[in-house]
Amino acid sequence: MSKTILISGASKGFGKIWAEAFLAKGYKVAATARNIDTLADLKAQYGDAILPLTLDVNKREDSFALVEKVKQHFGTIDILINNAGYALNGAVEEASETEARAQFETNFFGTLWLTQAVLPIMRDQKSGHIIQVSSILGIAALPNLGLYNASKFAVEGLTETLAQEVKQFGINVTLVEPNGYFTDIWGNGFNSKSIDAYDGLKKAIADGHDPDTFGQASATAPAIVKLVEAENPPLRLFLGKVALPLAKQVYQQKLATWEEWADVSVAAHG
């Protein structure tokens, strides 16, 4: 049975790679982008199986209207993949108010609006799967990406809660957490105005860069197809070989600190 998939941020990177993989499997795909000209090749190859739609995920009303359009066109929305997002580079102190708000408008609120828009449809169907593209940086923060880290941490909290709320309606929820990949997100030109005091840290990060820690984006397609076809999809799915070891290291450190301060914590209970 062919599924209908709505995926945001499909102009390039993960979004376009995954959209093409779904189409190749015979799924129907509603693919959003700020500029749908980037989807012309997929439209030419797959015809009516793909519905390219212009969307700025920052606009709540537009997200709701788009979801209704997809429902009218395909008759259903089985899977939502919230993939639209970008990374702001810079130390926490360097981020301007405009940059900080814009980062959350896209990465967090854009995810929220599309999620809210599809939920009534999925509740009526008593089925559905919402996939939020988070990051290993929603679990383990790295310097010089503070606002991006924070936006993904927010998506993690939102999605954990959502999963508990909508399980009763037969809706599955998954957080996809890639480690670094060779995509445009890291060279997108979104950089805060630099403060000299952080130059040494940034140089150390650049000098310590290991290309082997970055995966090939095309290699993620089979994993995403397997995820959407799973009868019991997981709440969390790492992509890449670096994510799990890093998560283990971070959580071991957190547990050690919590244990060290356990007496103080318990005493604070009263």
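The second largest pocket of this predicted model has a volume of about 170 Å³. Its lining comprises 13 residues. Those nearest the centre are Lys3, Asp78, Gly128, His129 and Asn172. By type, the lining divides into five nonpolar, five polar and three charged residues. Two elements, β5 (128–133) and α7 (221–229), each supply at least two of the lining residues.

Both elements also take part in the largest nonpolar core, to which β5 and α7 each give two or more residues. This core has 29 residues. Ile7, Trp18, Phe22, Val29, Ala31, Ile81 and Ile131 have the most contacts inside it. Besides β5 and α7, the elements that give two or more residues are β1 (4–7), α1 (13–24), β2 (28–33) and β4 (79–82). The biggest contribution is from α1, with six residues. In soluble globular proteins, nonpolar side chains tend to be buried together.

Take isoleucine 7 as a way into this core. Beyond its neighbours within four places in sequence, isoleucine 7 contacts Gly15, Trp18, Ala19, Val29, Ala30, Ala31, Thr32, Ile81 and Asn83. A second, separate core has 25 residues, including Leu51, Val57, Val70 and Ile121.

Now look along α1. Its 12 residues should span 16 Å at 1.5 Å a residue. The end C-alpha atoms are 17 Å apart, so the model agrees with that expectation. Buried residues of α1 are Phe14, Gly15, Lys16, Trp18, Ala19, Ala21, Phe22 and Leu23. An α-helix has 3.6 residues a turn, so residues three or four places apart point the same way. After α1 comes glycine 26, with a positive phi near 95 degrees.

Two of the buried α1 residues, Phe14 and Trp18, touch threonine 220. Where does threonine 220 lie? It sits in the loop between α6 (199–207) and α7. Its other contacts are Tyr181 and Leu239, not counting residues up to four places away in sequence. Is threonine 220 buried or exposed? Its relative accessibility is 2%, so threonine 220 counts as buried, the cut-off being under 20%.

Aspartate 184 belongs to another loop, the one between β6 (171–178) and α6. Its relative accessible area is 46%, so aspartate 184 is partly exposed; that class falls between 20% and 50%. Aspartate 184 also pairs a long sequence separation with a short path in space: lysine 12 is 172 residues away in sequence, yet the two C-alpha atoms are 8.0 Å apart.

Note on methods:
Residues numbered from 1 in each chain as written. Predicted model: local features only at pLDDT ≥ 70, side-chain atom pairs only at ≥ 80, totals over all residues. Heavy atoms only, no water. 1 Å grid on protein atoms, 1.4 Å probe; cavity = no way out; pocket = protein on both sides within 12 Å on 5 of 7 lines; lining within 4 Å. Points joined across faces, edges and corners; volume = space filled by probe spheres on them. Helix = DSSP H or I, 4+ residues; strand = E, 2+ residues; numbered from the N terminus. Nonpolar A, V, L, I, M, F, W, Y, C, P; charged D, E, K, R; others polar. Buried < 20%, exposed > 50% of the residue type's maximum accessible area, 1.4 Å probe, protein only. Contact = heavy atoms within 4.5 Å. Core = buried A, V, L, I, M, F, W, Y, C linked by side-chain atoms within 4.5 Å. Expected span 1.5 Å × (residues − 1).
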